[in-house]
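Here is my note on this model, set out point by point. Please read it with the structure open.

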Amino acid sequence: LNEKNIKINHLDLFSGLGGFSIAIEQAIKLSSKKIEYKCLGFSEIKKHAIKALKENFPEVDNYGDITKIDIEKLPDFNLLTGGFPCQPFSIAGNKQGFQDEKGRGEMFFFIADILRIKKPEMFILENVENLIKHDEGKTLKTIVKILKDLNYIFDFHVFNSSDFNLPQKRKRIFIYGIHKNANKDFNLLNNIKNFKNNKNYLTYF
């Protein structure tokens, strides 16, 4: 991002313990740019996670079940993040994908609805590495088509937690992009190329 004064208003879906928000706050502290950050809301339904969010982010609203959110009433935000349920796509799960009998596989479509209506400038989504290979690649192709139809320029990459000095190997796919009508000074493709080849990932905020 090349703006002198950057404002990030963040909606965090499937928030868990607030990992995306914490990571963004840490990245901003390491950034040389002047960035004004505010998390405007979470979407989380697990009882213990909600308790932790209230304790650590008492000023941030939790909109609860994503399937029941009135999208039109959400505050305006320019960054959406979400680690949508991975069990339907994981090699350790049931591999039912979008047809998951518990409904978890269709959560991506609720994210897409929010992207379609609110049109945030940026998004970051996270899931298991096997999302790439699930259903012989058809699942990822569906996601890619939807994001293209929503006018987003994006890419995806698999990161390993061991690359971040953590004592475990856990690979996750991150899908990230910007809206075609977003700030034209943001050179997405060039930044992504550098981003993938640089272990100091936090410098890209």
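1. Phe 174. This is a predicted model. I start with one ring, that of Phe 174. Its relative accessibility is 22%, so Phe 174 counts as partly exposed. The cut-off for buried is under 20%. Phe 174 sits in strand 7, which spans residues 171-179.

2. The partner of Phe 174. Which residue forms an aromatic pair with Phe 174? The partner is Phe 20. The ring centres are 6.5 Å apart, and the planes meet at 85 degrees. The pair is edge-to-face. Phe 20 belongs to helix 1, residues 19-30. The two residues are 154 apart in the chain, so this pair links distant parts of it. Phe 20 has a relative accessibility of 19% and therefore counts as buried. The two partners thus fall on either side of the 20% cut-off: Phe 20 at 19%, Phe 174 at 22%.

3. A second ring pair. Phe 89 and Phe 98 also pair. Their centres lie 5.9 Å apart. Their planes stand at 75 degrees, which makes the pair edge-to-face, as angles over 60 degrees count as such. Phe 89 is buried, at 0% relative accessibility. Phe 98 is buried too, at 16%.

4. The aromatic cluster. Searching the whole structure gives nine aromatic pairs. Ring pairs join five residues into a cluster: Phe 84, Phe 89, Phe 98, Phe 108 and Phe 109. Phe 108 and Phe 109 come up again in the next point, in helix 3.

5. Helix 3 against helix 4. Helix 3 covers residues 107-118, and helix 4 covers residues 138-149. They pack with their axes 11 Å apart. The angle is about 10 degrees. Angles under 35 degrees count as roughly parallel, so helix 3 is roughly parallel to helix 4. Helix 3 contributes Phe 108, Phe 109, Ala 112 and Leu 115 to the contact. Helix 4 contributes Thr 142, Ile 143, Ile 146 and Leu 147. How many nonpolar, polar and charged residues does this contact have? Seven are nonpolar, one is polar and none is charged.

6. The loop before helix 3. Glu 106 lies in the loop between strand 4 (79-82) and helix 3. Glu 106 is partly exposed, with a relative accessible area of 35%. What is the C-alpha to C-alpha distance from Glu 106 to Phe 84? The distance is 9.3 Å, with their positions 22 residues apart in sequence. Phe 84 is one of the cluster residues in point 4.

7. The loop before helix 4. Two residues here deserve a look at their backbone. Asp 135 and Glu 136 are both in the loop between strand 5 and helix 4. Strand 5 runs over 122-128. Asp 135 is not a glycine, yet its phi is positive, about 50 degrees. Glu 136 is likewise a residue other than glycine with a positive phi, near 55 degrees. Are they buried or exposed? Asp 135 is partly exposed, at 44% relative accessible area. Glu 136 is exposed, at 72% relative accessibility.

8. Asp 65. This residue lies in the loop between strand 3 (61-62) and strand 4. Asp 65 counts as partly exposed, at 26% relative accessibility. Leaving aside residues up to four places away in sequence, Asp 65 touches Ser 43 and Ile 45. Asp 65 and Ser 43 are 22 residues apart along the chain, and their C-alpha atoms are separated by 6.3 Å.

9. Cysteines. How many disulfides does the structure hold? Zero. Cys 39 is buried, with a relative accessible area of 9%. Cys 86 is partly exposed, with a relative accessible area of 27%.

10. The chain as a whole. The protein chain has five helices and seven strands. Their order from the N terminus is β-α-β-α-β-β-α-β-α-β-β-α. The chain has 205 residues, of which 45% count as buried. Take the contacts between residues at least 6 apart in sequence: 66% of these join residues at least 24 apart. The pair of Phe 20 and Phe 174 from point 2 is an example of a link between distant parts of the chain.

How values were computed. Residues are numbered from 1 along each chain as its sequence is written. This is a predicted model: local features need pLDDT of at least 70, side-chain atom pairs count only at pLDDT 80 or more; totals for chains, interfaces and linings use all residues. Side-chain values use heavy atoms; hydrogens and water are left out. Axes are lines fitted to C-alpha atoms, for helices over the stretch in contact, and angles run from 0 to 180 degrees between N-to-C directions. Helices (H or I, at least four residues) and strands (E, at least two) are DSSP runs, numbered from the N terminus. Angles under 35 degrees count as roughly parallel, over 145 as roughly antiparallel, 65 to 115 as roughly perpendicular and the rest as oblique. Contact means heavy atoms within 4.5 Å. Ala, Val, Leu, Ile, Met, Phe, Trp, Tyr, Cys and Pro count as nonpolar, Asp, Glu, Lys and Arg as charged, and the others, Gly among them, as polar. Rings of Phe, Tyr and Trp (its six-membered ring) pair if their centres lie within 6.5 Å; planes under 30 degrees apart count as stacked, over 60 as edge-to-face and the rest as tilted. Buried means under 20% relative accessible area, exposed over 50%, partly exposed in between (1.4 Å probe, protein chains only). A disulfide is a pair of cysteine sulfur atoms within 2.5 Å.
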